[in-house]
Number of protein chains: 2
Amino acid sequence: MKIGELSRRTGVSVRMLRYYEAEGLLAPQRTGSGYRDYGPAEEQTVRRIKMLGAAGMTLETIQQLLPCVRNNDPEFTPCNNLRKILADQVSLIDERIETLSQSRTILAGFLSSVT
Amino acid sequence: MKIGELSRRTGVSVRMLRYYEAEGLLAPQRTGSGYRDYGPAEEQTVRRIKMLGAAGMTLETIQQLLPCVRNNDPEFTPCNNLRKILADQVSLIDERIETLSQSRTILAGFLSSVT
DNA sequence: GTAAGGTCTGACAGCACTGTCAGGGTCAAG
DNA sequence: CTTGACCCTGACAGTGCTGTCAGACCTTAC
């Protein structure tokens, strides 16, 4: 399928589909006239990128992870560092939550001081 | 005092002190030769900016808030929205924490699926 | 008077995307 | 054959800071 249809089917903008490719996360076939031609495998990949992105991962991190999920549909193929990457991501999120919680405490303090 | 000393005393880089000024959060005197000349009031302001920034507020938001804390002015009239701004910020942080928590859940799911 | 160190302005770079526009090619239908 | 929808590449804008560099001026001390 062409890029517009894939965009419609996945909800990812055309702009971002091209960006995924520029960042090395997708490599669709090209038609004779240069149009990108995506297959079902690519569509699945895009859905995975979207899901991992929703989990707050950067495209760079997703790119590292992608080879581990490219093959088998339902589950991850265990790569050596897959667990480490995921665990690191969870730690990263925990750190961010902790930082935000501290900020919240500070602001709540200000708020109560003007009440 | 000059900008370098203020930087040393507050731990805010010279670059950022100038940036604060460009964004309208500071307006130090100038010497005859054009050097910025900060007084104790400015130093206090910088410390407040730093604290509010640590609470995750953008400079734009801090700028709105600053007139309310600039001097312990008994006049609250122009700061009727102080509490609202603070409350909004807390809500914003809560949203971000919620988003991160959802991301965490997704990632933890991935992690358990490869365990 | 000269050397060192501080300061000035202005501008470019980088993050991690995301939108948008320009200028031009392709394809299907009427 | 022309129209309209779609596609291509490339580039600029904007976020909210933050570092760094260039070229020039000021100040202090030796």
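A residue counts as buried here when its relative accessible area is under 20%, taking the protein chains only. Keep that cut-off in mind for S103(B), a serine in helix α5 of chain B. In this predicted model, S103(B) has 4% relative accessibility, so it falls on the buried side of the line. What does S103(B) touch, once its neighbours within four places in sequence are set aside? The list is A54(A), A55(A), G56(A) and I93(A). Those contact partners carry the chain A label, so S103(B), buried as it is at 4%, makes a handy way into the interface between the two protein chains.

Let's zoom out to that interface. On the chain B side, 28 residues are in contact with 29 residues of chain A. Together the two chains bury about 2,600 Å² between them, and carbon and sulfur atoms give 80% of that area. If you want to know where to look on chain B, try L100(B), L107(B) and F110(B): this trio supplies 23% of the area that chain B buries against chain A, more than any other three residues.

There is a polar side to the story as well. The program counts two salt bridges between chain B and chain A. One pairing to pick out in the viewer is R104(B) with D94(A), a salt bridge whose closest N and O atoms are 2.6 Å apart. Polar contacts between chain B and chain A come to four residue pairs, both partners having pLDDT of 80 or more. As for which elements carry the chain B side, α3 (40–54) and α5 (82–113) each give two or more residues to it. Helix α5(B) gives the most, with 20 residues. Sorted by class, the chain B side of this interface has 18 nonpolar, six polar and four charged residues.

Now follow chain B back to the loop between α3 and α4 (59–69), where M57(B) is found. Its relative accessible area is 6%, which means M57(B) is buried too. Within chain B, M57(B) touches L52(B), I62(B), L65(B), I85(B) and Q89(B), and from the other chain it touches L107(A), again leaving out residues up to four places away in sequence. For a sense of distance, the C-alpha atoms of M57(B) and P67(B) are separated by 15 Å, with the two residues 10 apart along the chain.

Time to turn to the DNA, beginning with strand C. Which residues come closest to it? Of the 17 residues that surround DNA strand C, the closest are Y35(A), L59(A), R18(B), Y35(B) and R36(B), so both protein chains are on that list. Sugar and phosphate account for 62% of the strand C atoms that come within 4 Å of the protein. At the phosphates, a backbone polar atom of L59(A) is 2.5 Å from an oxygen of strand C, while a polar side-chain atom of S13(A) lies 3.1 Å from a phosphate oxygen. The bases get some attention too: an N or O atom in the side chain of R15(A) is 3.1 Å from a base oxygen of strand C. In terms of helices, α2 of chain A, along with α1 (3–10) and α2 of chain B, each supply at least two residues of this surface, and α2(A) gives the most, with three. The surface near strand C divides into six nonpolar, five polar and six charged residues.

Strand D gets its own set of partners. Here the nearest of 17 residues are G4(A), R18(A), R36(A), S13(B) and L59(B). Among the strand D atoms within 4 Å of the protein, 69% belong to sugar or phosphate, and the rest to bases. Two phosphate oxygen distances are worth finding on screen: 2.6 Å to an N or O atom in the side chain of R18(A), and 2.6 Å to a polar backbone atom of L59(B). For a base, look at Y35(B), where a side-chain N or O atom is 3.5 Å from a base oxygen of strand D. The helices that each supply at least two residues to the surface near strand D are α1 (3–10) and α2 (14–22) of chain A, plus α2 (14–22) of chain B. The biggest giver is α2(B), with three residues. By class, six nonpolar, five polar and six charged residues make up the surface near strand D.

Note on methods
Residues numbered from 1 in each chain as written. Chains lettered and ligands numbered in written order. Predicted model: local features only at pLDDT ≥ 70, side-chain atom pairs only at ≥ 80, totals over all residues. Heavy atoms only, no water. Contact = heavy atoms within 4.5 Å. Buried area = accessible area lost by both parts, 1.4 Å probe. Salt bridge = Lys/Arg side-chain N within 4 Å of Asp/Glu carboxyl O. Polar contact = N/O pair within 3.5 Å; in protein donor to acceptor, adjacent residues only side chain to side chain. Helix = DSSP H or I, 4+ residues; strand = E, 2+ residues; numbered from the N terminus. Nonpolar A, V, L, I, M, F, W, Y, C, P; charged D, E, K, R; others polar. Near = heavy atom within 4 Å. Buried < 20%, exposed > 50% of the residue type's maximum accessible area, 1.4 Å probe, protein only.
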